[in-house]
Amino acid sequence: LISTWPGEHQNKLRQELERIFYNNNQLKLFIDAQFSVSEVESPVAEWCREHKILYISGLRWWSYQANEQSNFWFDDQERWGKSLQGLQPFLPGSKSETNRALAIAAIRRGKTIIHNPAICEDTEVFARALENLGVDLVMEEGKWTIFPPTKLYSRGDILDLKDCATAIRILGALSCVVHGNTLYLNGSPGLRIRPIQDLFIALHLSPQTEWPLALPPLNPFPTEISVENSSQFASGFFIAAAALLAGKGAGQSSPEISLKLLGTIKSAPYLQLTMEMLRETGFSIFLDADQVAHIRLDDENKLQQSQEIFIARDASAISYLKVLCQYFQMGSIYNENPEAQKQGDYIFAKLLNALKNTEHTYSVSLADYPDLAPSLWAAAILFGKNLEITNTPHLHKKESDRALALVTAAHALK
């Protein structure tokens with residue numbers, strides 16, 4: 001019998017044991033899984049001795065459990081290594097890469113196969129929204145196959161994007177190439193408080209505070225977009241520009257489209273990710289010294305051919321596992337070369353090493369890597385390091401106020 005009754009109820013527990021097991025020899029072992037009363041003081045321990053029943057205290061029981069778990073996970077290095085290898089198939093694909101791959105696949109002319117897509121609400125609601133606009137999508141285990149329409153077409157349905165800010169910003173930009181009826185975009189209460197007005201300013205539309213948002217079809221492509229609140233607006237318009245060059249809009253005569261980015265770019269690696277994925281699809285895109293993006297279609301054949309996109313593991317998601325592996329000195333959960341990855345968050349290994357080796361306070365700007373703040377915070381707790389995160393005001397503007405959440409959690413651990 002294993003009991004979790006707290007120590008203050010031990011007299012009552014003894015009475016119940018006496019009642020249930022009176023003249024009954026079935027009980028052979030009693031595990032008293034509580035810490036508030038010692039074995040010497042426990043009425044239950046005394047009852048077990050009187051009835052010649054083996055008694056194990058909570059301290060002995062939990063120490064045994066902890067030792068066995070420790071032996072299982074950490075004594076056998078070979079077994080741990082095999083465990084890490086076994087985890088590899090379960091590491092999630094990148095949400096950021098998957099959503100960009102979906103959008104780019106929707107504006108291409110040929111079939112696209114996305115391997116190892118991130119399976120989560122954000123990617124699935126975005127995929128369903130694109131299907132509503134005419135994209136043919138086949139979901140299979142480990143891969144999604146996308147057949148783009150000749151034109152993206154809105155039926156006037158309300159597209160519920162839940163919490164997916166990437167989807168609403170990219171789809172808002174794609175209103176420049178969406179034919180048919182008004183494009184209605186809706187979302188959760190958390191999504192509705194996130195910055196969106198930069199989209200309407202860029203499109204020369206009146207700001208909207210009522211939901212669902214209503215975007216007319218075939219909006220004129222803007223000449224500039226603010227990136228002060230999010231780089232996702234620029235990513236969306238980069239993809240929309242590619243769609244115009246691919247012939248998805250109402251007509252595009254110029255071989256090049258330019259877009260000026262206003263303000264300080266937030267999360268620059270995510271913008272670079274969009275640009276790199278467009279280059280792999282047949283477009284050229286670069287930012288000049290004045291933060292003007294220049295987009296051209298370089299390879300018509302690549303645009304029309306079948307394309308395969310391989311989604312890398314989500315660097316920010318698995319950074320937590322990286323922290324635990326470092327803490328227990330068990331090697332690495334992923335060994336990809338950060339320099340070879342499109343995701344900027346693969347820099348986490350370098351940040352973690354710098355944190356571990358600091359003697360005083362580790363001060364780091366996460367302006368380009370805001371999603372790494374929670375896992376770096378967790379590392380500071382585990383390694384007993386002072387951490388100062390700077391230049392990351394956009395942490396307040398996620399689906400929740402992540403900066404406040406980290407501060408609240410730190411106070412709770414005092």
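Lys 162 is partly exposed, because its relative accessible area is 35%, where buried means under 20% relative accessible area, exposed over 50% and partly exposed in between, found with a 1.4 Å probe on protein chains only. The structure is a predicted model, in which local features need pLDDT of at least 70 and side-chain atom pairs count only at pLDDT 80 or more, while totals for chains, interfaces and linings use all residues. Residues are numbered from 1 along each chain as its sequence is written, and side-chain values use heavy atoms, with hydrogens and water left out.

## Unusual backbone geometry

Lys 162 sits in the loop between β8 and α7; the names of such elements follow DSSP runs numbered from the N terminus, with helices (H or I) of at least four residues and strands (E) of at least two. Although Lys 162 is not a glycine, its phi is positive, at about 55°. Asn 116, in the loop between β4 (112-115) and α6 (121-132), also has a positive phi, near 55°, and is a residue other than glycine. Asn 116 counts as partly exposed because its relative accessibility is 24%. A further feature of the backbone is the cis peptide bond that joins Trp 211 and Pro 212, with omega about 0°, and Pro 212 belongs to the loop between α9 (197-202) and β11. Most residues other than glycine have a negative phi, and most peptide bonds are trans.

## The three-stranded sheet

The loop with Lys 162 follows on from β8, which is part of an open sheet of three strands in the order β8-β10-β11, with mixed pairing; two strands pair if DSSP finds at least two bridges between them. Its edge strands, each of which pairs on one side only, are β8 (158-160) and β11 (213-215). From one strand to the next the twist averages 25°, where axes are lines fitted to C-alpha atoms (for helices over the stretch in contact) and angles run from 0 to 180 degrees between N-to-C directions. Strand β10 (residues 183-186) and β11 run antiparallel and are joined by three bridges, and Leu 185 stands opposite Leu 213 in β11. Helix α7 (residues 165-174) lies across β10 and β11 and runs at about 165° to β10, contact here meaning heavy atoms within 4.5 Å.

## The four-stranded sheet and a parallel pair

Another open sheet has four strands in the order β5-β6-β4-β16, again with mixed pairing. Here the edge strands are β5 (136-140) and β16 (307-310), each pairing on one side only, and neighbouring strands are turned by 15° against each other on average, with direction ignored. Helix α5 lies across β4, β6 and β16 and runs at about 25° to β6, whereas α6 packs on the sheet by touching β5 and β6, its direction making about 145° with that of β5.

The table sets out two strand pairs, each with a pair of residues that face each other.

| Strands | Sense | Bridges | Residues |
|---|---|---|---|
| β5 (136-140) and β6 (143-147) | antiparallel | five | Leu 137 and Ile 146 |
| β17 (361-365) and β18 (386-390) | parallel | five | Val 364 and Ile 389 |

In a regular strand the side chains alternate between the two faces of the sheet. Strand β17 has a covered face with Tyr 362 and Val 364, and an uncovered face with Thr 361, Ser 363 and Ser 365.

## Helices that pack on helices

How do the axes of α5 and α11 lie, and at what angle do these helices pack? Helix α5 (residues 95-107) and helix α11 (residues 268-279) have axes 10 Å apart and pack at about 40°, which means that α5 is oblique to α11; angles under 35 degrees count as roughly parallel, over 145 as roughly antiparallel, 65 to 115 as roughly perpendicular and the rest as oblique. Their crossing is right-handed, a term used if the near helix is turned clockwise from the far one by less than a right angle, with anticlockwise being left-handed. In this contact Ser 96, Glu 97, Arg 100, Ala 101 and Ile 104 of α5 meet Tyr 270, Leu 273, Thr 274, Met 277 and Leu 278 of α11.

The axes of helix α15 (residues 373-383) and helix α16 (residues 402-412) come within 10 Å and cross at roughly 20°, so α15 is roughly parallel to α16. Their contact is made by Ala 373, Pro 374 and Trp 377 of α15 with Leu 406, Ala 409 and Ala 410 of α16.
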